[in-house]
Amino acid sequence: MEQAEIADLRILIVGGKGHAVQTLRTVLNNAGITNVVAIEDTRRALDVLRAESFPALYCDEHAAHVDPVSFAVSARRTPGLLNPMVPIFLIYGSARRSQVERARDIGVTDVLTRPVSVRTILRKLRVALG
């Protein structure tokens, strides 16, 4: 995937803490991705996923109303979603092996831990989008 194609992506961030979302938005902007939609509430995010399609989404561990793994299950299985196979990246401050295995088992594309670099975001996004 070329840099120009990456820059054209519209990415969804689901997260609860403002600074975590802003940091991820900054990392994506530094990667050339400036079209970013950030939503705090996971229930609202599911409504948006019913109305709009995104090539990828990032969910922070502090997203409001449900843990990120439960949100990922909902993002895969809720009826009416435009793209239930959207690549989902979960972001943790630190992740235990059991969290990573649980996320993998329910269909999360990848688990990232903070701090996350532009290089890591681009590499994992390119792999997920093929």
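Helices and strands here are DSSP runs, a helix having at least four residues and a strand at least two. Counted that way, the protein chain has 6 helices and 5 strands. The model is a predicted one. Read from the N terminus, the elements go α-β-α-β-α-β-α-β-α-β-α.

Now the overall shape. For 130 residues, a compact globule would have a radius of gyration near 14 Å, and this protein chain comes to 13 Å, so the two agree. The C-alpha trace spans about 35 × 30 × 30 Å along its principal axes. Of the 130 residues, 42% count as buried. The chain exposes about 6,600 Å², and carbon and sulfur atoms supply 49% of that area.

How much of the contact is between residues far along the sequence? Take the contacts between residues at least 6 apart: 66% of them join residues at least 24 apart.

Next, the aromatic rings. The structure holds 1 aromatic pair. Its members are tyrosine 58 and phenylalanine 89, with ring centres 4.8 Å apart and planes at 15°; planes under 30 degrees apart count as stacked, so this pair is stacked. Tyrosine 58 sits in strand S3, residues 56–60, and phenylalanine 89 in strand S4, residues 88–92, so the pair ties together parts that are 31 residues apart in sequence. Both tyrosine 58 and phenylalanine 89 are buried.

Staying in strand S3, we come to aspartate 60. Is aspartate 60 buried or exposed? Its relative accessible area is 6%, and buried means under 20%, so aspartate 60 is buried. What does its side chain make a polar contact with? The partner is the side chain of arginine 114, at 2.4 Å. Leaving aside residues up to four places away in sequence, aspartate 60 touches Val14, Gly15, Ala20, Pro68, Ile91 and Arg114.

Last, arginine 25, which lies in helix H2, residues 18–30. Its relative accessibility is 24%. The partly exposed class runs between the 20% and 50% limits, so arginine 25 counts as partly exposed. Its side chain reaches the backbone oxygen of valine 36 at 3.3 Å. Valine 36 also appears among the residues that arginine 25 touches, together with Ile13 and Ala38, again not counting residues up to four places away in sequence. Arginine 119 is 94 residues from arginine 25 along the chain, and their C-alpha atoms are separated by 14 Å.

To recap the two charged side chains: aspartate 60 has its polar contact with the side chain of arginine 114, whereas arginine 25 reaches a backbone oxygen, that of valine 36.

Notes
Residues are numbered from 1 along each chain as its sequence is written. This is a predicted model: local features need pLDDT of at least 70, side-chain atom pairs count only at pLDDT 80 or more; totals for chains, interfaces and linings use all residues. Side-chain values use heavy atoms; hydrogens and water are left out. Buried means under 20% relative accessible area, exposed over 50%, partly exposed in between (1.4 Å probe, protein chains only). Contact means heavy atoms within 4.5 Å. A polar contact is a pair of N or O atoms within 3.5 Å; within protein, one must be able to donate a hydrogen and the other to accept it, and residues adjacent in sequence count only if both atoms are side-chain atoms. Rings of Phe, Tyr and Trp (its six-membered ring) pair if their centres lie within 6.5 Å; planes under 30 degrees apart count as stacked, over 60 as edge-to-face and the rest as tilted. The radius of gyration is taken over C-alpha atoms; the globule rule is 2.2 Å times the number of residues to the power 0.38. Accessible areas come from the Shrake-Rupley method with a 1.4 Å probe; for residues, only the protein chains shown count as cover.
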